[in-house]
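The exercises below ask you to read a structure step by step, with a worked solution after each task. Please keep the sequence and the 3D view open while you work.

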Amino acid sequence: MLSVKEIKELQKSAKARRTSGLFTAEGKKMFREAPGGLIAQLCVSESVVNDPAMAALIREKLGEEGMKKRLTVLSDSRYESLSDTRTPQGILMVLHAGTWTVEDILTKPSPLILVLEDLQDPGNAGTILRTAEAAGVDGVFLTAAAVDIYNPKTIRSTMGSVYRVPHAVVDDMEALLAAFREKGIVTYAAALDGSVSYLEPDYTGGTAFFIGNESRGLSDRLQAACDCPIRIPMKGRIESLNAAMAAGILMYEAARKRA
């Protein structure tokens, strides 16, 4: 099992997470929602393990063998030194990262997809993943330069959706676009100067929304590569919407038309 030092490195380092294929998630809600098979190691404080209800849940999640091989019990003070939250709840998991491929995510007929280009804010990324689950999105792709989806701040923002929404990092955007074309998936670029209102397209067939970086928006290259540039009309003196808000509006419009 990993040492406290190694777990702290996972919390801090995207490279450590990529190399090991592991990430951390903290808190009772994240634990309750985690599939037991994803949990590589569970670290709990003495207070938590002495709570009968939590002890029963831990045993249910890990099983007898897992209790012996995957459970680490720390003193309350030692656990607090491990936690990266202001109010530690005494339970932290080391989990196996998702292993979805492009092919896995595009298996469903007429999928609803989100592509995030170079998104940088962990909170935005987590909120988008959470909203994607609520709106029935079939998968989320991120470019290699985007925020690490397994950043602890992102994980907290997903509120458990990271376990359930298929997601993958894409190094070759041209290959992804080719896969979309092969599957008949129409690509929509969210752009401030888009020529089409987001309310006009149908979205009931295969659909992929492209959302750009918070400050720069979607790159010219991807805007040009997409089938249709769409805009969300805005009033007042607002220059742009928050990336997570824009993504949510588009996802729910697609969900409405698919209902």
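**Exercise 1. A backbone angle**

In which loop is M159 found?

Solution. Before starting, keep in mind that this is a predicted model, in which local features need pLDDT of at least 70, side-chain atom pairs count only at pLDDT 80 or more, and totals for chains, interfaces and linings use all residues. Residues are numbered from 1 along each chain as its sequence is written, and side-chain values use heavy atoms, with hydrogens and water left out.

Step one is to place the residue: M159 is found in the loop between α9 and β7, where helices (H or I, at least four residues) and strands (E, at least two) are DSSP runs numbered from the N terminus. Step two is the backbone: M159 has a positive phi of about 55° although it is not a glycine. Most residues other than glycine have a negative phi. Step three is accessibility, for which buried means under 20% relative accessible area, exposed over 50% and partly exposed in between (1.4 Å probe, protein chains only). With a relative accessible area of 31%, M159 is partly exposed.

The loop between α9 (152-158) and β7 (167-170) also holds S161, and S161 is buried, at a relative accessible area of 2%. Leaving aside neighbours within four places in sequence, S161 is in contact (heavy atoms within 4.5 Å) with L129, R130 and E133.

**Exercise 2. The two sides of a helix**

Find which residues of helix α1 are buried, and explain how they are arranged around the axis.

Solution. In α1, which spans residues 4-12, the buried residues are V4, I7, L10 and Q11. They lie on the same side of α1 because they cover an arc of only 115° around the axis, the arc being that of the directions from the helix axis to the C-beta atoms. The face turned away from this buried side carries the exposed residues K5 and K12.

**Exercise 3. Nonpolar cores and a surface patch**

Work out which residues have the most contacts inside the largest nonpolar core, and which helix gives the largest share of this core.

Solution. A nonpolar core is a set of buried Ala, Val, Leu, Ile, Met, Phe, Trp, Tyr and Cys residues joined through side-chain atoms within 4.5 Å. The largest has 55 residues, and those with the most contacts inside it are L42 and M93. The largest share of this core, seven residues, comes from helix α12 (residues 243-258). Not counting residues up to four places away in sequence, L42 touches several residues, including F31, I58, L62 and M93. A second, separate core has 19 residues, among them L106, F141, A168 and L176.

Now turn to the surface, where L192, M234, I238, L241 and M245 form a nonpolar patch with about 470 Å² of accessible area together. Patches are made of residues with over 30% relative accessible area and no salt bridge, with like charges joined within 9 Å and nonpolar side chains (Val, Leu, Ile, Met, Phe, Trp, Tyr) within 5 Å; the areas come from the Shrake-Rupley method with a 1.4 Å probe, and for residues only the protein chains shown count as cover. Within this patch, I238 lies in the loop between β11 (228-231) and α12, and I238 counts as exposed at 52% relative accessibility.

**Exercise 4. Salt bridges**

Determine how many salt bridges there are, and which parts R17 and D148 tie together.

Solution. A salt bridge is a side-chain nitrogen of Lys or Arg within 4 Å of a carboxyl oxygen of Asp or Glu, and by this rule the count comes to 12. The side chains of R17 and D148 meet in one of them, at 2.6 Å from N to O. Because R17 lies in helix α2 (residues 14-20) and D148 in the loop between β6 and α9, the pair ties together parts that are 131 residues apart in sequence. Both R17 and D148 are buried.

Next, D118 and R216 meet in a salt bridge of 3.7 Å, N to O. R216 counts as exposed at 60% relative accessibility, while D118 has a phi near 55°, a positive value in a residue other than glycine.

Finally, E253 and K257 form a salt bridge with their closest N and O atoms 3.4 Å apart; both lie in helix α12, four residues apart, about one turn of the helix. E253 is buried at 6%, whereas K257 is partly exposed at 21%.
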